[in-house]
Amino acid sequence: MGKPRLIILIRHAESTGNENRSVHQSIPDHRVPLTTLGHEQALQAGSRLAALLQPTDTLQIITSPYQRTRETTLGILSSPELATHPCASTIKVYEEPRLREQDFGNFQPCQAEMTRMWHERAAYGHFFYRIPNGESAADAYDRCAGFNESLWRQFASPNFPSVCVLVTHGLMTRIFLMKWYHYSVEHFEDLKNVGHTEMIIMERNERGKYDLKTPLRTWSGKSYDRQRELARYRCPPVDTDWSKLKSPTITSLDTSGLEQILNGRKWGGCVNGCSHSAEGLAPRDKTKGIMQAGRDFGGSRSGAPSMVGSDSEPDDDFDDENQAEDDGLETPANVAKNSCEPSAVMERLILEEKREAQKAKQAASLQVSVVDTTDKQA
């Protein structure tokens, strides 16, 4: 068959996460199931899909491995209308991890923090904003681009089905269309999300290209203008007011009224105000300044020593007491206890610095001794 007659994108049905967003605080995103309404929506989607098929069509479904998309796929396959179609016994179903939802950073924080994050994303830009410990839409675009290339290679097979269905997620549907039709970042951010089990239909024309048959909703109310996008980089550019592109000379920064504009919100920098005073300090002093300010890196967030309650033997790196007996340096009590207190960490850093200096001194003495022995032999 080669290129399919239709490519159909279907967003998953309603999930418990859509009904109650707080479930993401305790249930991994990939394990969120459908609601009762979601299962009904999936069955109805199967009926609508069957209505689009011709008697001679063959069908392949590629689904995201998330539970809500798996259950949506099973609901589609359970539709009586699709089960009685001539292609029912030959339907192929594959899972594709690259069609998964945008990664929102493992278990999500409270709703207040998530709301703050969404406002920050709106201020930064939906496409490039990266979720903490997760992905940006740009990251999702990269893996979607790889999937599109794999899909095109499959089209080269003469046995590829005549209809290809992708069961995926709202953002990934828009990302897929952005990559396929070369949408700009601005147009992607203008696109509204698709509804649950809404079908986005792409139909092959006589030139072998795919026409988008489903109108997409936008926040601006404007449809995609391909010619306007192409005109953006004409040589020379058209309708460009170069005077607006010149950077103005800033002599002073007027911040009056800024707090009122931001309504108390602050993006970037230190959320609760900056108390760091390490600028211009030497590396060791900078570390000491940070530690004295009560800041530590890595380890337990609660500040509890990692060795407490452990059945395993300490690593050599933590065995400071025995090391001190070897090199003659005195070890403070809080260092021997492997305390995570900033003062104790600083003591370990200072002790390590002394040891390094002592090693360097011993190495220099040894080198001088070797030189003297050589001279005597000569």
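In which loop does isoleucine 131 lie? In this predicted model, isoleucine 131 is found in the loop between H5 and helix H6 (137–155). With a relative accessibility of 1%, isoleucine 131 counts as buried, because the cut-off for burial is under 20%. Leaving aside residues up to four places away in sequence, isoleucine 131 is in contact with Gln102, Asp103, Phe104, Gly105, Met117, Trp118 and Ser136. One of these partners, glutamine 102, is 29 residues away in sequence, and the C-alpha atoms of the two residues are 9.2 Å apart.

Helix H5, which precedes this loop, covers residues 111–124. Its 14 residues should span 20 Å at 1.5 Å a residue, and the C-alpha atoms at its two ends are 20 Å apart, so the expected and computed spans agree. Met114, Met117, Glu120 and Arg121 are the buried residues of H5. Viewed down the axis of H5, these buried residues fall within an arc of 115° and therefore line one face of the helix. An α-helix has 3.6 residues a turn, so residues three or four places apart point the same way. Ala112, Ala122 and Ala123 are exposed on the other side of H5. Met117, one of the buried residues of H5, is also among the residues touched by isoleucine 131. After H5 comes glycine 125, with a positive phi near 125°.

Positive phi values also occur at residues other than glycine. Asparagine 106 has a phi near 60° and is located in the loop between strand S3 (92–95) and H5. Its relative accessibility is 61%, so asparagine 106 counts as exposed. Threonine 197 likewise has a positive phi, of about 60°, and belongs to the loop between helix H8 (185–190) and strand S5 (199–204). At 5% relative accessibility, however, threonine 197 counts as buried. A further positive phi, of about 60°, is found at histidine 182, just after H7.

Helix H7 itself comprises the 12 residues 170–181. The distance from its first C-alpha to its last is 17 Å, close to the 16 Å expected at 1.5 Å a residue. Of the 12 residues of H7, 11 are buried, so the helix is largely enclosed by the rest of the structure. The buried residues are Gly170, Leu171, Met172, Thr173, Arg174, Ile175, Phe176, Leu177, Met178, Trp180 and Tyr181.

Helix packing was examined for H2 and H3. Two packed helices are described by the angle between their axes and the distance between the axes. The axes of helix H2 (residues 36–52) and helix H3 (residues 67–77) come within 7 Å of one another and cross at roughly 50°. This angle makes H2 oblique to H3. The crossing of H2 past H3 is right-handed. On the H2 side, the contacts involve His39, Ala42, Leu43, Ala45, Gly46 and Leu49, which meet Glu71, Thr72, Gly75 and Ile76 of H3.

Over the whole protein, 14 helices and six strands are present. Of its 378 residues, 36% count as buried. Among contacts with a separation of 6 or more, 74% are between residues 24 or more positions apart.

Definitions and conventions
Residues are numbered from 1 along each chain as its sequence is written. This is a predicted model: local features need pLDDT of at least 70, side-chain atom pairs count only at pLDDT 80 or more; totals for chains, interfaces and linings use all residues. Side-chain values use heavy atoms; hydrogens and water are left out. Helices (H or I, at least four residues) and strands (E, at least two) are DSSP runs, numbered from the N terminus. The expected span of a helix is 1.5 Å times one less than its number of residues. Buried means under 20% relative accessible area, exposed over 50%, partly exposed in between (1.4 Å probe, protein chains only). The arc is that of the directions from the helix axis to the C-beta atoms. Axes are lines fitted to C-alpha atoms, for helices over the stretch in contact, and angles run from 0 to 180 degrees between N-to-C directions. Angles under 35 degrees count as roughly parallel, over 145 as roughly antiparallel, 65 to 115 as roughly perpendicular and the rest as oblique. A crossing is left-handed if the near helix is turned anticlockwise from the far one by less than a right angle, and right-handed if clockwise. Contact means heavy atoms within 4.5 Å.
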